[in-house]
Each structure stands twice: as structure tokens, then as C-alpha cells.
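Trainee: Could you take me through one part of this model closely, and then place it in the rest of the chain?

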Amino acid sequence: MKENSMLKRNSYCGVLRKNNIGDEVILNGWVAKERNLGSLIFVDLRDRTGIVQVVFDDTVDVDLFQQASKLRSEYVIGVRGKVRLRSNINETIPTGEIEVLVDELQIINTSEVPPIYIKDDDNVSETMRLKYRALDLRKPKMQKNLEIRSKLYHLTRNFFYENGFIEVETPMLTKPTPEGARDYLVPSRVNPKKFYALPQSPQLMKQLLMVSGLDRYIQITKCFRDEDLRANRQPEFTQIDLEMSFVDEDDVMELNENYLKYLFKEMIGLDINTPIKRMTYQEAMNRYGSDKPDLRFGLELKDISEVVKNCGFKVFESATTNNKSVRGIRVPNGGEFYSRKKIDKLEEFAKTYGAKGLAWMKVKEDTIQSPIGKFLSDDSQKNIIQLLHGEPGDLLLFVADDHSIVYQTLGALRIQIAKDMDLINPKDFKFLWVTDFPQFEYNEEEDRLVAKHHPFTSPKKEDEDKLLSNPESVRARAYDIVINGDEIGGGSIRIHNMDLQKKMFQALGFSEEEAQEKFGFLLEAFKYGAPPHGGLAYGLDRLVMLFTGSENIRDVIAFPKTQSATCLITGAPTELSKEQLEEVHIQVMEE
């Protein structure tokens, strides 16, 4: 071997098995653990495939043994040796039947004591994990998550290539357009006082690709939205973006059902039954209080407004008019599970979603236990219990308020109750298409109607004439794919007619000049023969969360941002020097 040349591996650590006994192997990796027993030194050697035990014996080579005694956690080493049977089998790791007796060691690099443990159950704070992400990513769980993510990329490209899709990259520096969230803006040095935006999605570009005749487009792309963060949201995220020409909703849904069927089979061996169940937006809200319902358990909402109009309880009676309602949830066997103290906690939880309170009723054999019981007649009590199919031992929960607050509160409560009572099977997967969304929703901050999906979603044909006269009643040709209570993907059939698109902009309050200034390039393209088209975009990060069982999106992204959209590794975002600011013609105002 050449002087100072590195021992180059001929095998990975985690792939060695009993059938390798007698083989001479060269391994590279990190020291996960070392144990010096006086005459023997045992080292757990780790690479991305796993861990294998390597052994140094002072009766074989004293100098080698002395060299091995210097090894510490996270040293980078190379070893040469022979695979042999272990005397004490370790059934907790795949390589537990064998070990490698080392006859050559090379210390490639030393390591200071790591600030975090390199193990899955270290319980270190997320701040420390993100600050020392290179170390955090050495953990077996994190390595596995990234491998699963890589496999998802591979399978996705395979499926869409085989179905005639063409992968096209769209620009990262584009034009600011109102698509629902705030844009990340980038100043232009060569165009003073002008800005690019990082794309919230490739929406308009993929529509232009349909106008170009590309027919079927696919892209795995980064998107950027400057919005409040949470467990499954990041300022930059990855989207599987696709668009198809000459299609309707059924065509898009059928192809994507085939994709999901293929993906779940290849990723986790799950056979999905197709066609996937469909439910309208309004039915989902009425039954589950959410447009992304988790179907792995019951706890459905029931509207009791009609039976409590004259029940004697003023809170209920007053909520049966003026776009309000009274709805309830039956919790089977909840009467015993939920003590008064636990119910008080549910009420506090309900208030965080805007509810003024949470009424409740425990069903007994011949009576009820409830703080509102004294206000309700016997007939009202019976009617409520009958409508909710209440049985002795059940807990009934009620919210009376505006429709939106009732839906939001009870929708969140049913999830919380399912978690409390362990009603969710984590290995179960329930798929649902939610369809017929409202075309518009009211934005309180802006005090106007905005597009629920985006301004390029086509309204249902039968509702087009109501765009200007009765926009609140217009339904969109939009559809979301929901898995286990998460919106994993969403799409729609797009507007491809210039006049209808102009009408949509008018309904959203854009003047003709504003529409031309913001979207003139799209309207111009529509002049020259735009085909009917539609598509869908998946949140790739959320898919990886499903396949890895992760509850936090930061566990499936290599270098994520914190809750406050900062990078603890690099310190981004950072202040710029005066010279840098002047180059892009920006002056920062002092607070």
C-alpha cells in the first residue's frame, strides 16, 4: 500500500452477514462506541448502512492494540480484517451474528467530544439538533428518513416517465403574483428598484407549458411561501407538480390514484383499493368539521339546530339563527373516560379555536349528568340524545356559534379526543378525495373575497353565470387528496378561456389594468389557442412524513428552518453590509 494512502472500503458495515465469515474486508466509518476490556477493544463502527462490531486483540498485534486504544467516539477510521462468528450474538442489530477481527487500522480523522449524542433516543432539544445538523443527520433514523425520501424521488420519476410526462424546470426568479401567501422577494441589481419573487408554486408556468402543447408536465421543485410555520410547514418546501392537457377531473384523479397505488405498494407494501372514496367539501365540513378529515375513526358531527330551537337553553336557541348552528359529537364510552377535570381541559382547548364554551352531557341509564340539564326539558334531552344516537356511558359535546367556529372547534376536538382515547391506528391509511370546494372564501384581514385555491381554478360550468352576481355560491372544479387527516395534494381544472379568466379577476376585485399588469402574460397566451388542462401538486415533504411516521416536517428535510424561519447552521437570514445594500439599491430603515 502506498505511504499515507487511505484504506478504501470494499464493503459497507451494515451489509455483513454470517455468509461473509472468513472474508477479508476493508471498512470505513465513524466510531459509534468503544469498549476497552484490557486485552480486547470492541468498537461499534458505523456508516450509513448500519453498525458492525470490530475487534482489536492485544495477543494478535500489540502495536495495533495500542493504536486502537486511542479511538474515541466519532473518530473517522479505516480497518482491514477478517469476518468471524461472534461469541455473544447481538439480536438487536442485523450484523449481530458476526464481527471483524482487525489486523490494520488507520485513523483518518479525530473528533472532539460531540455536543449531541449520535443516537436516535438522545432526547436533545430541537435547537441543538438543528444547530449541529451534520451530527444530527448521522443518526440512523435521520439517515433512514433521507433514504426514504430519495426512494420517493426515484419512484415518482419512474411512474410519470412511464406515463408520458416530460420533466421541465421552471424559473426560481419570477414575477410577484397574488397566489394566497406572501412572496419571498429578491432585489435586482441590474434593474434598480425592481424585484423578483421566489415562486409559491410553478402554477402559471405549467399552464403556459400546456399552452405550448407539451401535453403532460412533471417537476419535483422547490416552492417558497412567507407564512407562519407549524409542524408540517416550512418556508421552502418541495412539491411534486404535474399538469395535463385535454382532461377533466376524472382523468386527473384516475391517473393520480394509479400513482398512489404504485407508490404505496413500492414504499411500504400497502395495496390501496381504488377508486378512492370521494366526498364533497360541504359533506366533509358537515360530518367532520374539516375539509381534510381523518377517516380512521368516527366521532362525526351532528347538526342539532332544529331540535334545540325551543329547548329552553338560551345559548342553543340563539345560535339557531343568523348563519349560526348547534352541533354535537357523540363520544362512545366517553362518560367514564372523561372526568370533570378532563372535560374542563377540553373546554379550554375548544376556546383556543374561537368557541365561547363547550356544553356537555353524560348519558346515564335513566337520566343525564350535565350542567345544562336544568335548562332542558325532558323532551329536548331525549331528542338530542336520540339524534346523536347516544347510549348509556357516552359523552355528548356541543358547540353553538357561527358555522365556521363550530366546524373549526368540533373538527379539532374530534382529533384531540381520538388521541386521548387512543382511537387512531398509526398503521392504518385512509384515503379521500375532497371535491366541489367553494370558489371563494372571505378574508377578514383584507375584508374581501379571495380565491380559495387560486385565481386560475375553473368554476363548475353550471355556476359560471354566478361569478359576479352570487360569488359565495360558486363551486370550483377543485379536488384535494387527503390521507389520514392531512392534505397531501391539491389541484383543479384550470380556466383556459381568456374571457372567463378576466371575469374571475373581476370577481376578485381586480381592475382590468391590475389584471393586465399582474397576469397579462397569461391572458396573452390564452389568445392563441389554450387547451383544456388541469393538474395536481403533492407536498413531497408530507408524503415522506407519512412513510416515515414523522410528526415534524423538519425530520424529513436535510437542512430545515426553525419555527421562526431561521437557519441555525448558517445564521441565515443575516444583515447585509452597506456596500451590499447599495449594490441592490436598498436602504434599510432604522427602527
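Mentor: Start with Thr 95, which touches Cys 13, Gly 14, Leu 16, Arg 17, Ile 51 and Val 52 when residues up to four places away in sequence are left out. Touching, or contact, means heavy atoms within 4.5 Å. This is a predicted model, in which local features need pLDDT of at least 70 and side-chain atom pairs count only at pLDDT 80 or more, while totals for chains, interfaces and linings use all residues. Residues are numbered from 1 along each chain as its sequence is written, and side-chain values use heavy atoms, with hydrogens and water left out.

Thr 95 sits in the loop between strand 4 (76-85) and strand 5 (98-109). Helices (H or I, at least four residues) and strands (E, at least two) are DSSP runs, numbered from the N terminus. Thr 95 counts as buried because its relative accessible area is 2%. The cut-offs are under 20% for buried, over 50% for exposed and the range between for partly exposed, with a 1.4 Å probe and protein chains only. A polar atom of the Thr 95 side chain lies 2.5 Å from the backbone oxygen of Ile 51, and Ile 51 is also one of the residues that Thr 95 touches.

Ser 550 is another buried loop residue. Its relative accessibility is 11%, so Ser 550 counts as buried. Ser 550 lies in the loop between helix 15 (540-548) and helix 16 (578-583). Its side chain makes a polar contact of 2.7 Å with the side chain of Thr 548. A polar contact is a pair of N or O atoms within 3.5 Å; within protein, one must be able to donate a hydrogen and the other to accept it, and residues adjacent in sequence count only if both atoms are side-chain atoms. Beyond its neighbours within four places in sequence, Ser 550 is in contact with Asn 145, Met 545, Asp 555 and Val 556.

Helix 15 itself is largely enclosed by the rest of the structure, because 8 of its 9 residues are buried. They are Leu 540, Asp 541, Arg 542, Leu 543, Val 544, Met 545, Leu 546 and Phe 547, so the list includes charged as well as nonpolar residue types. Gly 549 follows helix 15 and has a positive phi, near 70 degrees. The loop between helix 15 and helix 16 also holds Pro 573, which is joined to Ala 572 by a cis peptide bond with omega about 0 degrees.

Leu 543 leads to the largest nonpolar core, which has 41 residues; those touching the most other members are Leu 152, Phe 160, Ile 240, Tyr 259, Phe 264, Tyr 538 and Leu 543. Helix 6 (residues 249-268) supplies the largest share of this core, 8 residues. A nonpolar core is a set of buried Ala, Val, Leu, Ile, Met, Phe, Trp, Tyr and Cys residues joined through side-chain atoms within 4.5 Å. Ile 240 touches residues including Phe 160, Tyr 259, Tyr 538, Leu 540 and Leu 543, not counting residues up to four places away in sequence. Apart from the largest core lies another, of 36 residues, among them Met 279, Tyr 288, Phe 437 and Ala 478.

Leu 522, in helix 14 (residues 512-526), has 0% relative accessibility and so counts as buried. Leaving aside neighbours within four places in sequence, Leu 522 is in contact with Leu 204, Gln 207, Leu 208, Phe 456 and Gln 501. Leu 522 and Gln 207 are 315 residues apart in sequence, with their C-alpha atoms 8.3 Å apart.

Two histidines show a positive phi. His 389, in the loop between helix 11 (378-387) and strand 16 (395-402), has a phi of about 55 degrees. His 389 counts as exposed because its relative accessible area is 51%. In the segment after helix 16, His 585 has a phi near 60 degrees. With a relative accessible area of 38%, His 585 is partly exposed.

For the whole protein chain, there are 16 helices and 22 strands. Of its 591 residues, 48% count as buried. Among its contacts with a separation of 6 or more, 67% are between residues 24 or more positions apart. The C-alpha atoms fill a box of roughly 90 × 75 × 55 Å, taken along the principal axes.
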